[in-house]
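User: Please take a close look at the sheet in this model. I would like to know how its strands fit together.

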Amino acid sequence: MRPVFVQLQCSPGKTYEVADELFRREVASELYSTSGDYDLLMKVYIEDGVDIGKFINDNVANIAGIVRSLTTLTFKAF
């Protein structure tokens, strides 16, 4: 499994609704509210061989209230 971090920018007033839906879908291993350009930081584990873009598209990006996402791939944990 590969850890991937996704930052989410939400519509004003929708951050908690987006967070609730992510937990309902059981997508996030960890989910944090953040300051700055993005409202949420999520850590997900994706099975080897799974298309990461499709996974994010099918399980995250289609949640109402998400305006923008930024996906960061990981290579090595230290």
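Analyst: Start with one pairing in this predicted model. Strands β1 and β4 run antiparallel, and seven bridges join them. One pair of residues shows the match: Phe 5 faces Thr 72, which belongs to β4.

Now turn to the other partner of β1. Strand β3 is also joined to β1 by seven bridges, and these two run antiparallel. Phe 5 appears here too. Its bridge partner in β3 is Lys 43.

Follow Lys 43 onward. This residue of β3 also stands opposite Glu 30. That leads to the pairing of β2 with β3, which covers residues 40–46. Four bridges link these two strands, again in the antiparallel sense.

Put the pieces in order. The four strands form an open sheet, arranged β2-β3-β1-β4, and the pairing is antiparallel. Which strands stand at the edges? They are β2, residues 30–33, and β4, residues 66–73. Each has a single partner strand, so one side of each lacks a neighbour in the sheet. The sheet is also twisted: from one strand to the next, the twist averages 20 degrees.

What holds such strands side by side? In general, strands of a sheet pair through backbone hydrogen bonds, and the pairing can be parallel or antiparallel.

Finally, look at what lies across the sheet. Helix α1, made of residues 15–25, lies across β1 (2–10), β2, β3 and β4. The helix runs at about 15 degrees to β3.

Technical notes: Residues numbered from 1 in each chain as written. Predicted model: local features only at pLDDT ≥ 70, side-chain atom pairs only at ≥ 80, totals over all residues. Heavy atoms only, no water. Pairing = 2+ DSSP bridges. Axes fitted to C-alpha atoms, helices over the stretch in contact; angles between N-to-C directions. Contact = heavy atoms within 4.5 Å.
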